[in-house]
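I set out to record what I looked up in this structure, entry by entry. The notes follow the order in which I consulted the model.

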Amino acid sequence: MGQKIAEGGGFVSAPVYASVSGTVKVVEPRRVVTGDSIMSIVVENDGLYEDIGFYPIAPTDKLTKDEIIDCIKEAGIVGMGGAGFPTHVKLSPKEPESIEYCIANCAECEPYLTSDYRRMLEEPEKLIGGLKIILRLFDNAHGILAVEDNKPECLKLLKSLAKDEPRISVKALRTKYPQGAERQLIYATTGRKINSTMLPADVGCIVNNVDTIVAVYRAVSEGRPLMERIVTVTGDAVAKPRNFRVKVGTSYKTLVDEAGGFSVTPQKIICGGPMMGFGMFDLDVPVTKTSTALLAFRYDDVSAMESSPCINCGRCVEVCPGRIIPSKLSDYAERFQDEAFLANDGMECCECGCCSFICPAKRPLTQNIKSMRKIQLAKKKK
Amino acid sequence: MSELLKVSSNPHIRSKVTTNGIMMTVVLALLPMAGFGIYQFRTDALVLILCSVGTAVLTEFLFGLYTKKQTISDLSAVVTGLLLALNLPPGAPWWVAVLGSLFAILVVKLLFGGLGQNFMNPALAARCFLLISFPAIMTDFTYDAFTGATPLAALKAGEEVNVLDMVIGRTTGTIGETSMIAIVIGACILLLTGVIDLRIPGSYLISFLLFVILFGGHGMNPAYLSAQLAGGGLMLGAFFMATDYVTRPITVKGQYIYGIFLGIMTGIFRIFGSAAEGVSYAIILGNLLVPLIEKITKPKAFGKGGRR
């Protein structure tokens, strides 16, 4: 356990560590959540969980900036909110001195998820410790713990822990979806706006998820690579909904069994949140570094509803965080009107799903726009 | 796992709001007016309402048989039929309601592509159609106890009107427009259930009021102003017809512009026009400008336009 079993190849990649002790059986394509087959390393678990021993390379305050980045890179840390972008790349912007805010994304990404919440309650000192390590990389930066206001006990706990930290403050945000999306979070905490073509660093911000920051802490001050994460298992078809500390590579089936199995046969199982997660057709796939949740619903809202004509009610416009007009973009997408789609900022869609959720005519707005965006991105690559 | 799971693209949850539910709420909100109309004008109002709603639903049903696509269950035909009836004078013969309703549903709505595709409010377009075709019937508001002119016509002729009567509904007018109390109850239902917001009614009424203060010739005279507000189809139009989803701008800024435009147009029609009333024409004209308004008020995408 804890042995490096795969090296990151490119610049935007990260190594993988064995999360159990045992023997590597085979390296073969295995199906993952999205339905794709991906080259996977199969380790037979000997059930002993013996680790190779973890030691920090030096006391944290003695490390140089480069050593910290190296440590994070070696530990295989990626963004654990769901996007999975390698953290060491994120923490190496072109001009580190221009970073003014390091934001800890403590706003849960989606409804139903409570994994960040558990992490904050159980290991708040590691969260603050991780943020302090990240702040060491950016001399001019101030750390902000951005927490939604529906978690008063987290706010209280973090505030008391951060009160002696001159460079860290806690900020309460309104609870709404998608508050945990990077663009919205930056706007909510600093009032700065970025669009789809910009990076947070362009407005002097770096955003990291709670779990990611805790992983940074463990990597730098304990020398532990990233091998586990917290996964929420919930939904009205799950017997005993709860959060689990899960070793990367564990099968989703095991998670369901641990949660008491299904109380009723679910119609739909989702990997991730209800707004942006994937619909699953098989439970026998592994948890990865970016798996946030497993949701099992007794009824599927989507297939039970038929879509009807748009009545132009404007609800999609009101909820769209990208401030675009989903109903029109969806129309352009359905008719493959590329130019109109691009001219009306179709590429600014963040695929949060709010428009499809709110639509009284139950039109697949997000889905249409998403497909068109994929087409446009593919065209750009050519 | 033996049972098959359903798989679809995200998002996987949907709100409980449906088109059907919205239409149902609108019908509910129109009922106080219909009820007061029936109380005031008895069977004449009831016959007109039934003819109008019945024709609307039947037309849509028959058209559905022809296109093999049934749409009456979305209740939008009921809303259109009811709205049209509320806009008819109580003394109108039954066939006027049938003809108007047929025109609204078949010509204005279905021939343009059905729900969501009509560029004019069907009920109002039909009212204007009837107003042009049968001006004598459509402007004759003489009814039993209520002889003489509508409050607005009286106001235009320079006579005194009783504002309290207008609030309660002891005046003559179309079936749905007489009682302010009934209209306000209906408007509150729509506002509280979130079906409409105050953007369009608010900007409409305020801009109209300002216009009347400036050009009405009575300055800030409260009796005159409240009579203008409560008279005719203004309240009915502002809350129930200008807010029609399909024919108002979808952009937030556009909705304010649209409301202000309606206010000014109504003011012009009422004060400088030959007829006492102008709400229907103002809204129809506004409907035609919607594509243009949406074009100039396209919202700026989040974060667009560079740094900070």
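**Entry 1. The sheet.** I began with an open sheet of five strands in chain A, whose order is β10-β9-β13-β11-β12 with mixed pairing. I noted that the model is a predicted one. The edges of this sheet are formed by β10 (242–247) and β12 of chain A, each of which pairs on one side only. I looked up the twist: direction ignored, neighbouring strands are turned by 25 degrees against each other on average.

I then followed strand β9 (residues 228–234) of chain A, which runs antiparallel to β10(A) and is joined to β10(A) by six bridges. Within this pairing I looked for the residue opposite A:R229 and found A:V246 in β10(A). Helix α3(A) packs on the sheet and touches β9, β10 and β13 (293–297) of chain A. The direction of α3(A) makes about 125 degrees with that of β9(A).

**Entry 2. Domains of chain A.** I looked up the division of chain A and found four domains: domain 1 (4–45), domain 2 (60–222), domain 3 (228–303) and domain 4 (315–381). I chose domains 2 and 3 of chain A for a further look; their centres, taken over C-alpha atoms, are separated by 26 Å. To their contact, domain 2 of chain A brings 15 residues and domain 3 of chain A brings 16 residues.

Which element gives the most to the side of domain 2 of chain A that touches domain 3 of chain A? I found helix α3 (residues 115–122) of chain A, with three residues. By class, I recorded seven nonpolar, four polar and four charged residues on that side of domain 2 of chain A.

**Entry 3. Chain A against chain B.** I next turned to the contact between the chains, which takes 52 residues from chain A and 33 residues from chain B. On the side of chain A that touches chain B, the elements giving two or more residues are β11 (268–271), β12 (278–280), α9 (301–304), α13 (354–358) and α14 (365–381) of chain A. The residues on this side of chain A divide into 25 nonpolar, 15 polar and 12 charged.

**Entry 4. Nonpolar cores.** I recalled that nonpolar side chains tend to be buried together in soluble globular proteins. The largest nonpolar core here has 120 residues. Those with the most contacts inside this core are A:I103, A:A104, A:L145, A:V216 and A:L294. Helix α7 (residues 210–222) of chain A supplies the largest share of this core, eight residues.

Apart from this core lies another, of 81 residues, and I noted B:M166, B:M180, B:I200 and B:F239 among them. I then listed the contacts of A:L145, leaving aside its neighbours within four places in sequence: A:A104, A:C106, A:L158, A:A162, A:I168, A:V170 and A:K171.

**Entry 5. Backbone exceptions.** Most peptide bonds are trans, and most residues other than glycine have a negative phi. I therefore looked for departures from both tendencies.

The bond joining A:Y177 and A:P178 is cis, with omega about 0 degrees. A:P178 is placed in the loop between β7 (168–173) and α6 (182–190) of chain A. In chain B, the peptide bond from B:N10 to B:P11 is also cis, with omega near -5 degrees. I located B:P11 in the segment before α1 (19–67) of chain B.

A:Y49, a residue other than glycine, has a positive phi, near 50 degrees. A:Y49 belongs to the loop between β4 (37–45) and α1 (65–74) of chain A. B:K68 is not a glycine either, and its phi is positive, about 60 degrees. I found B:K68 in the loop between α1 and α2 (76–86) of chain B.

Is each of these two residues buried or exposed? A:Y49 counts as partly exposed because it has 13 C-beta neighbours inside 10 Å. B:K68 has 6 such neighbours inside 10 Å and therefore counts as exposed.

**Entry 6. B:E294.** I closed with B:E294, which lies in helix α13 (residues 279–296) of chain B. B:E294 is buried, because 20 other C-beta atoms lie within 10 Å, and 20 is the number at which a residue counts as buried. Leaving aside neighbours within four places in sequence, I found B:E294 in contact with B:P249, B:I250, B:T251 and B:G254. From C-alpha to C-alpha, B:E294 and B:P11 are 28 Å apart in space, and they are 283 residues apart in sequence.

Note on methods: Residues are numbered from 1 along each chain as its sequence is written. Chains are lettered from A and ligands numbered from 1 in the order in which they are written. This is a predicted model: local features need pLDDT of at least 70, side-chain atom pairs count only at pLDDT 80 or more; totals for chains, interfaces and linings use all residues. Domain bounds come from an automatic or database domain assignment. Two residues are in contact if their C-beta atoms, placed from the backbone, lie within 7 Å. Helices (H or I, at least four residues) and strands (E, at least two) are DSSP runs, numbered from the N terminus. Ala, Val, Leu, Ile, Met, Phe, Trp, Tyr, Cys and Pro count as nonpolar, Asp, Glu, Lys and Arg as charged, and the others, Gly among them, as polar. Two strands pair if DSSP finds at least two bridges between them. Axes are lines fitted to C-alpha atoms, for helices over the stretch in contact, and angles run from 0 to 180 degrees between N-to-C directions. A nonpolar core is a set of buried Ala, Val, Leu, Ile, Met, Phe, Trp, Tyr and Cys residues joined through C-beta atoms within 7 Å. A residue is buried if 20 or more other C-beta atoms lie within 10 Å of its own, exposed if 12 or fewer, and partly exposed in between; C-beta atoms are placed from the backbone.
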